[in-house]
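Okay, everyone, thanks for coming. Let me put the structure up on the screen, and then we'll walk through a few spots together.

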Amino acid sequence: MSDPVIVNARCSQASPPLSVVLLSELTGVKLGRAKQVDNVEIRFNNGEFITGTLPAAVYLARVGGLYGANPLQAGQVDHWVKVISTDLAPYEGGAAESAFLKSVMAINEHLTLRTYVCGYAVSVADVLLFAALATSDAWASIISSNKKAKYKNVYRLWLYLNSLPAFVAGLKAMPAKKETKSTPHKHGTFEDLKGAVVGKVVTRFPPEPSGFLHIGHAKAAFMNNMYAERYNGEMLVRFDDTNPRKEKEEFEEAILKDLKTMGIEGKKTSHTSDHFELIQSKALEMIKLGRAFCDNSTNEESKAQRDNFEPSPNREKSVEENLKIWEEMKKGTELGATYALRAKIDYKSKNGTMRDPVIYRVVDFPHNRTGDKYKVYPIYNFACPIVDSHEGVTHALRSNEYHDSEEQYYWFLKNIPGLNHVQIKDFGRVDFSYTVLSKRKLQWFVDENIVSGWDDPRFPTVQGIVRRGLTMEALKQFIFDLGDSRKPVKLDILRLWAFNKKFIDRAIPRHTAVKLENQVPLTLDSSVTQGTISVAVHNNNADLGKKDVAVGPNLLVEQEDAVLFKVGEEVTLMGWGNVIIEAIEKDGEKVTGVKGKLNLEGDFKKTKLKITWVCKDQKLRDVEFVEYDTIVTEKYIPKDKVFQDYVNRDSMSITKAVAEESINSLKKGDKLQFNRVGYFILDSEPTAEGPLKFVQIPDGRVKNVYLNKKVVTKGDSSSSK
């Protein structure tokens with residue numbers, strides 16, 4: 001009896017499976033496209049038919065000689081078809097990224113001494129692997145970065161298959177990707193959320209109340225809020241208060257203040273501690289199901305077990321024993337305190353987060369919300385998927401520094417009874433030069449009195465950068481310009497401040513001040529009388545209006561300008577007019593006085609020197625310019641180094657000056673530019689007595705104006721002392 005003959009082979013017109021398209025090119029079997037076909041359909045002359053991607057792929061491979069050259073190779077192909085179709089499964093919607101990459105690494109090791117997955121020629125195993133990689137965002141990210149070296153054997157095969165005519169033709173035959181896969185947000189591009197339904201998306205921002213929010217947290221908050229708004233959904237704010245030793249109510253208040261400053265308001269605010277009873281009940285279910293065990297291994301022993309891929313001696317304790325110890329743990333007894341509850345996952349896993357992680361521990365410390373009610377507290381990685389599911393979160397957006405725990409997160413969702421699926425979306429972490437983002441390290445700076453507190457202008461906290469003059473709109477747009485790429489980036493901190501300058505330069509007023517040290521009196525001729533003139537607040541922005549500037553015969557100018565004067569030279573007093581220098585008094589090289597004649601008819605375009613000045617014949621205001629250097633001296637401190645060795649303990653400089661009377665109208669937090677000095681923000685209350693304190697706003701330039709040392713910049717390894 002003759003073999004059945006293909007009558008018709010066709011696949012989905014909108015989304016043809018790449019593996020079958022490639023096999024069509026390799027075998028010469030014509031594959032049609034049809035709107036009414038959901039996947040793949042092959043019909044034969046005897047009335048039989050095959051449907052589905054994998055069955056069709058296997059059939060085409062067998063008839064096309066792509067299933068091994070002999071029975072041994074055919075058996076090997078069987079094995080790898082099963083592995084690839086199960087673990088990579090691009091046509092089934094995709095596995096979790098961490099599980100996907102784990103499988104790719106296994107194949108990478110298999111290919112160490114092999115050209116092909118099986119045998120000595122291209123087989124269906126190679127085709128399925130190629131299709132899985134080609135349809136994976138994770139693989140696309142890898143081959144566009146230096147991470148591809150980690151998967152060098154798979155990458156070698158990938159490049160080779162990409163060069164074969166059949167693969168080139170197959171890729172060309174695939175429909176173009178829809179542009180709606182990502183959506184621009186001004187300059188950045190953001191992927192659409194997987195499985196998102198308009199009106200039903202719920203994101204969450206879960207900060208731990210153990211410090212103020214910093215610019216790293218700001219990205220997560222902005223991203224979660226943006227996606228919630230895009231899909232007409234909700235963003236929840238949840239305090240992860242699972243570690244009573246670290247958390248304080250003052251930090252919660254600071255975080256809520258930070259979110260308000262950022263223009264973010266969650267649909268509701270909750271605490272993980274609101275769900276402690278629920279989380280404990282889930283832990284109990286895990287014990288009863290044999291998916292968790294109580295372990296009294298020491299920290300050192302547990303680390304050795306994980307490092308050596310060994311099980312805990314307690315791993316096979318009976319459910320009854322674990323239940324008894326769990327009760328002791330909940331009571332916080334002396335015996336219970338020696339145990340931790342661990343999930344029974346896979347102690348041999350290549351992913352360290354899957355090696356039977358701790359999910360509960362005894363903490364004999366009062367909680368700031370629940371007091372002494374509980375003696376055991378859940379680990380964040382265990383509590384988070386439970387509370388996410390319970391609160392209706394649909395999408396969890398987070399930095400990919402937590403990427404390794406993604407596999408663990410999905411395992412908990414699958415193995416803890418009663419939980420709904422939550423989709424994780426990673427985005428790349430942003431690190432800034434000369435910036436410390438670890439809350440533990442920031443707390444050290446506070447404890448050592450190197451800074452004045454969590455809102456110190458040298459800190460990368462939201463309150464710190466606001467005190468230093470960064471606008472929230474600049475921070476928000478800067479972050480959105482980066483898009484949602486999964487690739488971690490390192491940026492020079494000066495780029496952020498240079499970006500901020502674009503938002504403030506035309507929007508803030510200009511004022512004048514003269515440094516107190518070595519200031520020089522400039523006395524004009526007797527024809528000059530005391531009075532005021534009206535001057536534009538900003539020469540390039542008339543909308544800011546005008547101000548009254550005091551004028552008269554007695555002025556003050558900077559020593560740095562006066563030493564450049566020459567008798568008979570004409571210089572310009574900015575905002576007023578020209579002066580002809582008639583006499584210069586000196587004490588050695590230092591100028592002690594200057595006399596001049598006002599020449600309002602003079603042409604300022606012809607003068608070489610244009611100087612700032614203030615009139616003494618007014619109520620001058622004492623001011624202080626506070627300029628900051630970075631708090632660390634290394635651009636990016638190596639992870640294996642002690643960060644305290646790179647601390648800049650001399651990072652503040654104060655310069656005293658006198659300013660024109662018009663600055664008395666400013667309020668704390670107002671920004672301005674002092675002419676020929678720089679951008680500043682008023683950091684003190686405008687009280688009647690005492691100097692006004694102005695913090696310099698960096699503008700992305702290399703050097704501060706008065707600071708004796710250079711602010712560290714690109715290429716520097718330390719700040720000058």
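So, let's start with a hole in the middle of things: the second largest cavity is lined by Tyr380, Asn381, Cys384, Arg398, Ser405, Gln408 and Tyr409. Before I go on, keep in mind that this is a predicted model. Which elements give two or more residues to that lining? They are helix H14, residues 380–390, and helix H15, residues 406–415. H14 has the largest share, with three residues. If you sort the lining by character, you get three nonpolar residues, three polar ones and one charged. The volume of this second largest cavity is about 40 Å³, and the structure holds three cavities of 30 Å³ or more. In case you wonder how anyone spots such a thing: rolling a probe the size of a water molecule over the atoms shows where empty space is left.

Let's stay with the cavity wall for a moment. Take Cys384, one of the lining residues. Is Cys384 buried or exposed? Its relative accessibility is 3%, and buried means under 20%, so Cys384 counts as buried. Cys118 has 5% relative accessibility, so Cys118 counts as buried too. You might now go looking for cysteine pairs, but a search of the whole structure finds zero disulfides.

Now the other helix in that wall, H15. Nine of the 10 residues of H15 are buried, so this helix is largely enclosed by the rest of the structure. The buried ones include Gln408 and Tyr409, and those two also sit in the cavity lining. Also on the buried list for H15 are Trp411, Phe412 and Leu413, among others. And look at the start of the helix: Glu406 and Glu407 are buried as well.

For a second covered helix, go to H5, residues 124–134. There, 10 of the 11 residues are buried. Among them are Val124, Val127, Leu128, Leu129 and Phe130. Asp126 is on that buried list too.

Okay, on to charges. How many salt bridges does a search of the whole structure find? It finds 34. I'll show you a few.

Start with Lys303 and Asp307, whose side chains meet in a salt bridge at 2.7 Å, N to O. Why might these two line up? An α-helix has 3.6 residues a turn, so residues three or four places apart point the same way. Lys303 and Asp307 are four residues apart in helix H12, residues 299–307, so they are separated by about one helical turn. As for their surroundings, Lys303 counts as partly exposed at 49% relative accessibility, and Asp307 counts as partly exposed at 42%.

Next up is Glu316, which forms a salt bridge with Arg315, with the closest N and O atoms 3.7 Å apart. Glu316 is exposed, with a relative accessible area of 61%, whereas Arg315 is buried at 10%. Glu316 also meets the side chain of Lys344 in a salt bridge, at 3.8 Å, N to O. That pair links distant parts of the chain, 28 residues apart. Lys344 is in the loop between strand S11 (340–343) and strand S12 (358–362), while Glu316 is in the loop between H12 and helix H13 (319–331).

One more on charges: Glu191, Lys425, Asp484 and Arg486 are linked in a network of salt bridges.

Last stop, a sheet. It's an open sheet of seven strands with mixed pairing, and the order is S18-S31-S32-S33-S29-S30-S19. Which strands stand at the edges? They are S18 (510–511) and S19 (513–515), each with a single partner strand, so one side of each is left without a neighbour in the sheet.

Let's walk in from the S18 end. S18 and S31, residues 671–674, pair in the parallel sense over two bridges, and His511 stands opposite Phe674 in S31. Then S31 and S32 pair in the antiparallel sense over four bridges. Here Lys671 stands opposite Ile681 in S32. The hairpin of S31 and S32 has three residues between the strands, and in that hairpin Arg676 takes a positive phi near 65 degrees. One step further, S32 (678–682) and S33 (692–697) run antiparallel, joined by four bridges. Ile681 turns up again there, with Val695 as its bridge partner in S33.

That's my tour, so let's turn to questions.

Note on methods: Residues numbered from 1 in each chain as written. Predicted model: local features only at pLDDT ≥ 70, side-chain atom pairs only at ≥ 80, totals over all residues. Heavy atoms only, no water. 1 Å grid on protein atoms, 1.4 Å probe; cavity = no way out; pocket = protein on both sides within 12 Å on 5 of 7 lines; lining within 4 Å. Points joined across faces, edges and corners; volume = space filled by probe spheres on them. Nonpolar A, V, L, I, M, F, W, Y, C, P; charged D, E, K, R; others polar. Buried < 20%, exposed > 50% of the residue type's maximum accessible area, 1.4 Å probe, protein only. Disulfide = S-S within 2.5 Å. Salt bridge = Lys/Arg side-chain N within 4 Å of Asp/Glu carboxyl O. Pairing = 2+ DSSP bridges.
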